[in-house]
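Good morning, and thank you for joining this group meeting. I would ask you to look at the sequence and the structure together while I speak.

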Amino acid sequence: MKLPISWLKDYIDLDGLTVEDIARKLTLAGLEVEEIKYAGLPMPDHAGSGMHSSGRHEFKTSGISWDRDKIVVAEIREVMPHPNADRLTLLDLYDGQQNQVVLTGAPNIFHLKGTGKLAKPIKVAYAKEGSTIYDGHAEGLVLTTLKRAKIRGVESYSMACSEKELGISEEHEGIIILDDDAPVGMPLVDYMGDAVLDIAVVPNMARNANVMGVARELAALTGRELKKPVIEYRTEGESVENLVSIEITEPELNPRFVIGLIRDVEIKPSPYKIQRRLRLAGIRPINNVVDATNYAMLDQGEPLHAFDYDVLKSRAGNKNVKIITRSAKDGEKLTTLDDVERTLSSTNVLVCDEKGPLSIAGVMGGAESEVTDKTKNILLEGAAWNFINIRKTAKQHNLPSEASFRFSRGVHPSLAETGVKRGLQLMAEWSGGKIAPGLVDAYPLKPKDSVVDVSPRDVKRLLGIDLTVEQIAELLTRLEFKCEPTARGLRVTAPSHRLDIGEGVIGLADVLEEVARSYGYDNIPETRMSDSLPPQIGNPIYEWEERVRDLLVSLGLQEVVSYRLTSPERESRVVKYDEYVTLANPITPERRVMRRSLVASVLDAVEKNARAESIAMFEIGPVFEPVKSDPSTGSGQALPNEPRKLVLAMTGLRDALAWDVKESPNFDFYDMKGRVELLLSGLHFTDVSYIPTDSVPYLHPGKSAEVRVNEKVVGVFGELHPLVKDKYEVEEAPILVAEFDLDVLRTVSPSYEIKPVPDVPPVFEDIAVVLDESIPASKVEALIRQTGGRALANVKLFDVYRGEQVGAGKKSLAYSLTYQSDKTMTDAEAAAIRRKIVRRLEHELGARLRS
Amino acid sequence: MLDKLNEIEKTALESLQSITDQAALEAWRVANLGRSSPLMQVFTGLGKLSKEERPTVGAAANRVKTALESAWEERAQAIKEAALAKSLEEEALDVTLPGRAVRVGRLHPSTQQLRRVLDILAEMGFQVYTSREIETDEVNYQLLNFPPDHPARDMQDTFFVRAEGREDNPILLRTHTSPGQIHAMREYAAMNPENPPPIRIALPGMCFRFEQITARSEIQFNQVEGLVVGKNITFADLKGTLSDFARRMFGRHARTRFRASYFPFTEPSAEMDVECFVCGGKGCSVCKNSGWLEILGCGMVHPIVLQNGGYDPTRYSGYAWGMGPERQLMLRYRIDDIRYFWGNDLRFLEQF
Ligand SMILES: [Zn+2]
């Protein structure tokens, strides 16, 4: 909401407060000022020594200040032709001190060219030589300083300004023509210097989306007096009550409807002061009647709607007009004043007469009954609507407006009357119209003002401050709460412009918030908790996962985090799923489902970094498995499962190339296996086995293994299948992938014991056996370990040989054995174990000792 | 005989002068101190001398031997030092060549920041509580005091999941970690429904908003919420705890400011600003010249939410807050494009 300070000053004395002081007070109280735009008033100077206590800008600031001496109110006394240019004119202008000749091309005074001395001088905003204003002809806002120059042979040094040149609006079609009462010679900043606060209005502050609301807050925050406008006017003619009736069919949707009548309006532009304020507030002035509805809305917070009374009367066959509010019928049509035919639904509420719909309640008027240049008599509507209903309607028809903004956040029904009266008063003032006596007021559902009990004990318990009953009453009275003392504390009644105060425990929270805001959050002390400590539960799952992360980082892998949202096409490069958790409202087809494959996420990251010399990365996170509807609850489709996965991927060079490292092999299966082994041993799993598998579709069938811990399958790893790899734009090097199911892995209990370090030196021995290629190394090692028993502390494969010396279809495996016993082992003892091992290898695996 | 000894000494010492390497020195030692050297011959011949001559010559021969030995030792030391100096010089490296690369792993910057936050909170007594990412409307909104069609819902644009038969309670991607507040409160309250225990937890996790993906807005982001519930918890405690947190996170002298704000699930609600740690509050582009950085939203847990969690709002109170680790990183490192976080470009990730 854009709020001109000059308007605020109508209702509260702001002397002694800078614009920034005001903005700061409002911001701290929950009306966050997002930007201050200066339109004349002096901007704070933070560059030099003039810093005030907090010494900073505090707010995003833009705009322009008007030099007191150089920009003043002046009057045009004559518009003279330019000797050398048809489209330009010369103004005979008096600036309060002397006459000036000013060159202009403004079209809005061109018609006065050569008409001689003006009977009534025209008041303008005059910028003298040396003043700094915006360049009206430049794109955007460019500051310029007026200098003496010759234009078509005539000297020019000053100008009558447009709104753009003074930073009021974008308007540069003509010069500003001020109201007649503008005092010539007065510095313009004193006459109409302004600053606009752009305030973010949060939902529970909707009552303050108007000048009166902000003034009320400011009065409470500063302890100053709120000067409410006097809404009184003369009436004449027949009472509107005899001419118009109202029928509300659904009070829940339309708690109140108020109508006033004004006759014989003359449609014309509003006073300049009003136009300027509306523009600063971001609303385009239209004419005095429309402007009055908008002005009254910004002023009091009640959106108004003006109907052409004569149109309604003729629709009623010159009989009395009957206004009916009701829900629309599905498919009913209405052409709104933007000339769009809208198809309505039963969610929408309509304002109708007996002939049919006139407007979409609270959102937009209809074209037929709208006010035009020819309108003479006006029915002015102020109503209250159900905010949820308005919100739905505005969304449905994509019609955000100042009115729907307010109605969809809740406008108190009490404002309907105030709003209509204020609107009528302004219309009469600006259009010369005559207000009919009375108002037609249908008020079937009057909200109850909430009553809440609050005590110093409540304040202490929830806010942590000690306040007396009197102090609490004082803080709340400033915000127009009515406070009566009770035995315990206070009985507080919410003011009748507020819909956001509840009753009971909720009301208490609502009222305490008002106490805290009024007291000032700043003034509440900071304390350390003195409550008792909670039970210690910890989060073993989270802690375990963090341990996995640390292990993987220590193994040289970079963690990545991908979008959870993806597309089936993207994932289908790795694996095809029929069922997905699918978004009803995706932002793009590329991100329309929740991922099912973490492998796909990580391969996307590999592809993205394809040009890196080497990649070693991992991701930990959930995948999302849709779950069919759960018949036991009967509540429709169930929430998906979110199993947590770990995926590792490696590709590229094993060693980083450098000045002395000219080449490196690529990562291969065993690089990945090494990481997998270290991860699992780091997690203290000892019973780990690797089983060849050809059943993982995305892995190379001959280069992939299933990982089992304590016989439970916890994951797979291997080289990416060449056909899968072909679908990615990556380099030639093989891609190694590992995928673990963390929920399974986590539930496997680790076996972990710390063994004593032996005092006795170990005995080492090597053994090499030749056997069939088909026998897996793991089997050989298992047999050696089993046979060696406790004395065999370690078995390490140190060579694999294939070739002529061992014959075709054979391989040689060489192991280094470490014997370790409680006492020093003799050669004979070692030899005995060795014989046993060899015998079993020969016997069970057909191995032959290699000499 | 004594003359001969003097001659031996003189010749030997003279020839030692020109020796510069180990081999020549060894040859010299054999020639002058070896078994067949002239000096040793003198010792061998001592027996043939008269009783009178023997002590004098013996003493003189010993003196010469000692002299030659110490001269040799001195020479040997000098040669050794020279050789060492030479080899040290020859072994010198170009120390400006790059060191040998070590392959290191790193945590994702968001994980790093989450840990910083959670470590501090852990020390302050907050335990980590995690919950699911796909939620029901009921838990994400209704139980947190966002009624259906309430304008507060406009504050959070939501991704809904296609699901049959759930018009009243749609499935959605959680828009904040606050559903965890409900889950946690109910879990704690179940321990002792009559007199539920106090709660102090931190809720980290991924959240989702229906937004366009641009430099400034993302569809997913991490959040860390905090929740305290107890019988004696005040707004002053909220201010104290969060200011303590800010001082741990942003520096011992970090100043904070609390502004009134609105969230449906807290009341009173506030935004906490921290004095800009880039410019020290003087005003800069990061804080948009305000001197303050918006760091978190907070407030006293709304009575409805306490009630929905199984805590009686007339006996219990609490506070909650939420903040974004990615936003903190962006402020801290002046990152101007939020899309880097899930872009997984190693050139970005490897800088952390
Ligand atoms: Zn700054």
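Let me begin with a question: in which loop of chain A is Asn398(A) found? Asn398(A) sits in the loop between α8 (387–396) and α9 (402–407) of chain A. Please keep in mind that this is a predicted model. The backbone at Asn398(A) deserves attention, for this residue has a positive phi of about 50 degrees although it is not a glycine. In general, most residues other than glycine have a negative phi. As for its surroundings, Asn398(A) has 62% relative accessibility and therefore counts as exposed, the cut-off being over 50%.

Chain B offers a second example. Lys288(B), also not a glycine, has a positive phi of about 50 degrees. Lys288(B) is located in the loop between β7 and β8 of chain B. With a relative accessibility of 59%, Lys288(B) counts as exposed.

That loop brings us to the metal site. Which residues coordinate the zinc ion? The ligating atoms are the SG atoms of Cys276(B), Cys279(B), Cys284(B) and Cys287(B), at 2.2 to 2.3 Å. The angles among the 4 donor atoms run from 102 to 112 degrees, and the site is tetrahedral. Along the chain, the donors follow the spacing C-x2-C-x4-C-x2-C. Cys276(B) and Cys287(B) both belong to the loop between β7 (266–275) and β8 (292–301) of chain B, so this pair ties together parts that are 11 residues apart in sequence. Are these two cysteines, Cys276(B) and Cys287(B), buried or exposed? Both are buried.

Let us now consider the sheet to which these strands belong. In chain B, 7 strands form an open sheet with mixed pairing, in the order β1-β4-β5-β9-β8-β7-β6. Its edge strands are β1 (127–128) and β6 (256–263), each of which pairs on one side only. Strand β6(B) pairs with β7(B) in the antiparallel sense, over 7 bridges. Within this pairing, Arg257(B) has Asp273(B) in β7(B) as its bridge partner. Strand β7 of chain B also contains Pro268(B). A cis peptide bond joins Glu267(B) to Pro268(B), with omega at about -5 degrees. By way of background, most peptide bonds are trans.

Chain A has an open sheet of 7 strands as well, with mixed pairing and the order β29-β32-β33-β37-β36-β35-β34. At its edges stand β29 (558–559) and β34 (688–692), each with a single partner strand, so one side of each is left without a neighbour in the sheet. Inside the order, β33 (residues 644–652) and β37 (residues 735–741) run antiparallel and are joined by 7 bridges. Here Met650(A) stands opposite Leu736(A) in β37(A).

Elsewhere in chain A there is a hairpin, in which 4 residues connect β27(A) to β28(A). These two strands, residues 482–485 and residues 490–493, run antiparallel and share 4 bridges. One bridge pairs Glu484(A) with Arg491(A).

Finally, I turn to the interior. How many residues has the largest nonpolar core? It has 108 residues, and those with the most contacts inside it are Leu8(A), Leu166(A) and Leu197(A). Setting aside neighbours within four places in sequence, Leu8(A) is in contact with residues including Ile22(A), Val211(A) and Leu218(A). A second, separate core of 66 residues includes Met529(A) and Ile233(B), together with Cys276(B) and Cys279(B), two of the cysteines that coordinate the zinc ion.

Notes. Residues numbered from 1 in each chain as written. Chains lettered and ligands numbered in written order. Predicted model: local features only at pLDDT ≥ 70, side-chain atom pairs only at ≥ 80, totals over all residues. Heavy atoms only, no water. Core = buried A, V, L, I, M, F, W, Y, C linked by side-chain atoms within 4.5 Å. Buried < 20%, exposed > 50% of the residue type's maximum accessible area, 1.4 Å probe, protein only. Contact = heavy atoms within 4.5 Å. Donors = N, O, S within 2.8 Å, 3.2 Å for Na, K, Ca; no water. Tetrahedral: all angles 85-135°; square planar, octahedral: opposite > 155°, others 65-115°. Pairing = 2+ DSSP bridges.
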